[in-house]
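User: I'd like to learn how to read a protein model feature by feature. Could you walk me through one?

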Amino acid sequence: MKYNLLLTWLLFLYAPITLAQNSFVTNGRLIFGSKEEKTASISLGDIDNDGDLDIVAANGRHWPQRNQLFFNNGRGIFTVSMPLDMIKETSYATELADLDGDGDLDIAVGNDMAPNAIYLNNGKGSFVRKGNFGEDYAPTRNITLSDIDDDGDIDILITNRGRSNQICLNNGNASFEKVIDFGTADDSTIDVAIADMNKDGQKDLILANRDGQQNYVYLNDGALGFNERIPFGTGKDETRSIAIADFDEDGHLDIITANIGEPNILYFGTSGGVFDRSTVVDAASDRSFSMDIADLDGDGDVDIIFANDSQPNSVVLNKGKGMKWQKITLSKMEFNTYDVVTGDLNNDGLIDLVEANSDELNHFYFNRKDK
């Protein structure tokens with residue numbers, strides 16, 4: 001009897017264990033917008049303060065269209081929608097943050113060759129256009145929101161392709177009259193990330209440049225001067241999106257780049273402040289237009305979602321401290337996806353995915369744990 005019990009225990013101990021896997025599910029109900037809209041950017045946030053994540057969509061790109069709000073019904077379905085404004089604009093970017101310090105989420109919209117706009121929330125998801133920020137007619141491609149000067153309010157960073165990038169400082173009540181340029185006047189910057197890369201307590205800028213230009217980390221001197229810069233990449237990359245995290249868990253921040261027509265590369269941070277060690281995350285040489293990062297499989301590390309142009313979008317799971325990756329194709333659909341963001345849409349504790357597709361329905365994917 002003891003022998004049989006021991007044998008049973010050993011078989012249990014060494015039996016193969018099937019771990020739960022993540023899958024990402026979409027269908028004809030998990031959509032928003034229309035095929036006529038050229039959606040370039042989306043932002044998630046609880047704009048009506050009802051406890052779930054809503055969507056703001058920036059539409060148009062180079063052609064004027066109305067930006068749109070989509071309200072979550074509490075189950076991750078967007079059954080109510082309304083225009084942000086009756087104005088049609090060439091919108092490339094939208095971001096949510098409390099810009100006026102009243103406790104609700106406001107909206108910043110970045111437009112191509114049209115004035116960028118601020119919309120203030122009344123607390124219930126209804127917005128009033130307050131004013132503009134940045135250069136009135138610049139080729140804006142992206143905006144990033146952060147308290148860059150550490151004065152307690154949210155500032156706006158603008159990337160302008162082929163023109164000076166700008167930091168618009170908030171005066172505390174959502175006015176952005178003070179403007180500081182960063183980068184160079186001919187930068188083809190599409191994206192900027194903000195992080196303390198050299199551990200001096202200051203927020204540095206990490207630029208993603210297109211048109212074969214060098215990518216740089218611009219170090220903050222503590223007075224919003226960004227004169228010292230550190231290169232990364234080949235110097236001739238077509239980088240359209242960038243994100244920062246400690247992928248290898250060594251205490252140094254790393255840089256992940258989403259590139260057009262070349263592999264997507266992870267550059268590891270070092271104690272010396274250079275980025276001379278790298279690895280290929282996705283060798284497919286897709287036309288990656290955007291990405292987001294999150295712990296999608298709940299294993300405690302950072303995974304990546306790539307949004308591609310005219311090719312399937314993909315999730316790449318971190319399976320070995322940034323050196324081993326598992327790629328999952330989201331679907332066979334080949335849309336012009338300009339943005340992808342993450343958030344728990346249906347409040348089930350799993351991070352879902354939302355796509356911004358130009359000239360196509362916008363899709364979102366529920367994250368499921370397969371048994």
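User: Let's start with strands. In what order do the four strands of the open sheet come, and is the pairing parallel or antiparallel?

Analyst: One thing up front: this is a predicted model. Now the general idea: strands of a sheet pair through backbone hydrogen bonds, either parallel or antiparallel. Here, the open sheet has four strands in the order 11-12-13-14, and they pair in the antiparallel sense. Strand 11 (140-146) and strand 14 (178-182) are the edge strands; each has a single partner strand, so one side of each has no neighbour in the sheet. From one strand to the next, the twist averages 20°.

User: Can we zoom in on the middle? Over how many bridges do strand 12 and strand 13 pair?

Analyst: Strand 12 (residues 155-160) and strand 13 (residues 165-169) share three bridges, in the antiparallel sense. If you want a spot to look at, Ile156 stands opposite Cys168 in strand 13.

User: Next, side chains. Which residues point one way from strand 28, and which the other way?

Analyst: In a regular strand the side chains alternate between the two faces of the sheet. For strand 28, Asp352, Val354, Ala356 and Ser358 point one way, while Leu353, Glu355 and Asn357 point the other way. All of them are buried. That's seven of the seven residues of strand 28 (residues 352-358), so this strand is largely enclosed by the rest of the structure.

User: And over how many bridges does strand 28 pair with strand 27, and with strand 29?

Analyst: Strand 27 (residues 336-343) pairs with strand 28 over seven bridges, in the antiparallel sense. One bridge to find there is Gly343 with Asp352 in strand 28. With strand 29, strand 28 pairs over two bridges, again antiparallel. On that side, Val354 stands opposite Phe364 in strand 29. The hairpin of strand 28 and strand 29 has three residues between the strands, and Asp359 takes a positive phi near 60° in it.

User: Phe364 makes me think of rings. How many aromatic pairs are there?

Analyst: A pair of aromatic rings is described by the distance of the centres and the angle of the planes. The count comes to twelve aromatic pairs in this model. One of them is Phe78 with Phe364, with centres 5.3 Å apart and 85° between the planes, which makes the pair edge-to-face. Phe78 lies in strand 6 (residues 78-83) and Phe364 in strand 29 (residues 362-370), so the pair ties together parts that are 286 residues apart in sequence.

User: Is Phe78 buried or exposed, and what about Phe364?

Analyst: Phe78 is buried, at a relative accessible area of 10%, and Phe364 is buried too, at 0%. Ring pairs also put both of them in a cluster with Phe32, Phe70 and Phe366.

User: Rings can meet charges as well. Which ring does the charged end of Lys38 sit over, and which ring face does Arg277 lie over?

Analyst: For Lys38, look at Trp63: the charged end sits over that ring, 4.9 Å from its centre. Arg277 lies over the face of Phe268, at 4.0 Å from the ring centre.

User: Last topic: empty space. What volume does the largest pocket have, and which residues are closest to its centre?

Analyst: Rolling a probe the size of a water molecule over the atoms shows where empty space is left. The largest pocket comes out at about 750 Å³. It is lined by 34 residues, and Glu95, Asp191, Met291, Asp292 and Asp339 are the closest to its centre. Several strands each supply at least two residues of that lining, among them strand 3 (39-45), strand 7 (91-97), strand 11 and strand 27.

User: And closed spaces? How many cavities of 30 Å³ or more are there, and which residues line the largest cavity?

Analyst: The count is one cavity of 30 Å³ or more, and about 40 Å³ of space lies in the largest cavity. Its lining consists of Pro312, Asn313, Leu330, Ser331, Met333, Phe335, Glu355 and Tyr365. You've met Glu355 already, as one of the buried residues of strand 28.

Key:
Residues numbered from 1 in each chain as written. Predicted model: local features only at pLDDT ≥ 70, side-chain atom pairs only at ≥ 80, totals over all residues. Heavy atoms only, no water. Phe/Tyr/Trp six-rings, centres within 6.5 Å; stacked < 30°, edge-to-face > 60°. Buried < 20%, exposed > 50% of the residue type's maximum accessible area, 1.4 Å probe, protein only. Lys NZ or Arg CZ within 6 Å of the ring centre and 35° of its normal. Pairing = 2+ DSSP bridges. Axes fitted to C-alpha atoms, helices over the stretch in contact; angles between N-to-C directions. 1 Å grid on protein atoms, 1.4 Å probe; cavity = no way out; pocket = protein on both sides within 12 Å on 5 of 7 lines; lining within 4 Å. Points joined across faces, edges and corners; volume = space filled by probe spheres on them.
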